[in-house]
Amino acid sequence: MTLETAQQSEYQGDDRWRWAVWIEGTDDELDRVAAVTYKLHRTFPKPIRQRTDRASKFRLDASGWGTFDIFVTVETKDGRELELVHALELSYPDDPVAPPRKALSSPPKTRRVFLSYSAEDAVQAAKIREALEPHDIVVVDAESLDTSLPEDLATEVALENADAYVVYLPTSEGRPSRFVSKEASAAHRAQVPMVVVGDEQGEDSFFSGAKRVSLKSARMKLPGVIASLTRRPTKRRP
């Protein structure tokens, strides 16, 4: 197949662009495509985005402030996959005094945390979120997963793009719920640093080696614990 990526961009001012990327090929080749998955820079809220619209050539529209490589997976109707890489290009309008464009290869020092909790603990989870967000920490959870992907895959993708996994475990809960257990298992597979928040300070095999912070001291201590765990880059999917 001779498929390749194409793009367009439009400067919006204040160092931001609207841009789009899509797949180019012959009509026959495009008719054989079932879906196209775009993997964006990890600083995007939903870095994995899938498109199935043949009429638009599987076009993805987005916006941002810098350049980066977009990893593209083309899935064909006969079950094959084609891997492409698109180097997003952004340019200022013709202006001799315009500053150089920015690149996302050196992103802001924003950390991303996956917060795991049972539905009945939403109030406590909100307190954890309030403790983290003022410190330039992006908090994602099951409610903010990419709905275009199967739930298990969306959870896995979110955790692979997280700098830390924070789980709330109340004292009364001997073991985490089924949903929290699934998220924790995915965090183990992604080798994401773990933090347990709750009043129970005992060690257990399920979260062996995890850092522990009480809910009462979360506002004071949790941001520092996250910073200490994420000073070095965590393992990412290539």
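Trainee: Does isoleucine 137 count as buried or exposed?
Mentor: In this predicted model, isoleucine 137 is found in strand E11, which covers residues 137-140. The cut-off for a buried residue is a relative accessible area under 20%. Because its relative accessibility is 6%, isoleucine 137 counts as buried.

Trainee: Which residues is isoleucine 137 in contact with, leaving aside its neighbours within four places in sequence?
Mentor: One partner can be placed by distance: arginine 111 is 26 residues from isoleucine 137 in sequence, and their C-alpha atoms are 4.9 Å apart in space. With neighbours within four places in sequence left aside, the contacts of isoleucine 137 are Arg111, Val113, Leu132, Pro223 and Ile226.

Trainee: At what angle do helix H2 and helix H5 pack?
Mentor: Helix H2 spans residues 122-132 and helix H5 spans residues 218-229. H2 passes H5 in a right-handed crossing. The axes are 8 Å apart, and the packing angle is about 65 degrees.

Trainee: How many nonpolar, polar and charged residues are in the contact of H2 with H5?
Mentor: From H2, the contact is made by Ile128, Glu130, Ala131 and Leu132. From H5, it is made by Ala218, Arg219, Leu222, Pro223 and Ile226. By class, this contact has seven nonpolar, no polar and two charged residues.

Trainee: Is helix H3 parallel or oblique to helix H4?
Mentor: The axes of H3 (residues 151-160) and H4 (residues 178-189) come within 9 Å and cross at roughly 50 degrees. Because of that crossing angle, H3 is oblique to H4.

Trainee: How many nonpolar, polar and charged residues does the contact of H3 with H4 have?
Mentor: H3 passes H4 in a right-handed crossing. On the H3 side, the contact is made by Glu151, Asp152, Thr155, Glu156 and Leu159, and on the H4 side by Phe179, Lys182, Glu183, Ala186, Ala187 and Arg189. By class, the contact of H3 with H4 has four nonpolar, one polar and six charged residues.

Trainee: Which elements do the buried residues of H3 pack against?
Mentor: In H3, the buried residues are Ala154, Thr155, Val157, Ala158, Leu159 and Glu160. They pack against strand E4 (48-51), strand E10 (111-116), strand E12 (164-168) and H4.

Trainee: Is tyrosine 168 buried or exposed?
Mentor: The place of tyrosine 168 is in strand E12. Its C-alpha lies 9.7 Å from that of valine 213, and the two residues are 45 apart in sequence. Leaving aside neighbours within four places in sequence, tyrosine 168 is in contact with Ser116, Tyr117, Asp121, Gln124, Ile128, Val197, Gly198 and Leu215. Because its relative accessible area is 8%, tyrosine 168 is buried.

Trainee: Is phenylalanine 58 buried or exposed?
Mentor: Phenylalanine 58 lies in the loop between E4 and strand E5 (60-64). Its phi is near 60 degrees, a positive value in a residue other than glycine. Most residues other than glycine have a negative phi. With a relative accessible area of 0%, phenylalanine 58 is buried.

Trainee: Is aspartate 14 buried or exposed?
Mentor: Aspartate 14 is found in the loop between strand E1 (4-13) and strand E2 (16-24). The phi of aspartate 14 is near 55 degrees, a positive value in a residue other than glycine. Because its relative accessible area is 72%, aspartate 14 is exposed.

Trainee: What does aspartate 28 count as, by its relative accessibility?
Mentor: Aspartate 28 is found in helix H1 (residues 27-31). Aspartate 28 and methionine 1 are 27 residues apart in sequence, with their C-alpha atoms 9.9 Å apart in space. Because its relative accessibility is 49%, aspartate 28 counts as partly exposed.

Trainee: How many helices and strands does the chain have?
Mentor: The chain holds 238 residues, of which 44% count as buried. Among its contacts between residues at least 6 apart in sequence, 64% join residues at least 24 apart. The secondary structure comes to five helices and 14 strands.

Trainee: What share of the accessible surface of the chain belongs to carbon and sulfur atoms?
Mentor: The accessible surface of the chain comes to about 13,100 Å². Of this surface, the share that belongs to carbon and sulfur atoms is 49%.

Terms used. Residues are numbered from 1 along each chain as its sequence is written. This is a predicted model: local features need pLDDT of at least 70, side-chain atom pairs count only at pLDDT 80 or more; totals for chains, interfaces and linings use all residues. Side-chain values use heavy atoms; hydrogens and water are left out. Axes are lines fitted to C-alpha atoms, for helices over the stretch in contact, and angles run from 0 to 180 degrees between N-to-C directions. Helices (H or I, at least four residues) and strands (E, at least two) are DSSP runs, numbered from the N terminus. Angles under 35 degrees count as roughly parallel, over 145 as roughly antiparallel, 65 to 115 as roughly perpendicular and the rest as oblique. A crossing is left-handed if the near helix is turned anticlockwise from the far one by less than a right angle, and right-handed if clockwise. Contact means heavy atoms within 4.5 Å. Ala, Val, Leu, Ile, Met, Phe, Trp, Tyr, Cys and Pro count as nonpolar, Asp, Glu, Lys and Arg as charged, and the others, Gly among them, as polar. Buried means under 20% relative accessible area, exposed over 50%, partly exposed in between (1.4 Å probe, protein chains only). Accessible areas come from the Shrake-Rupley method with a 1.4 Å probe; for residues, only the protein chains shown count as cover.
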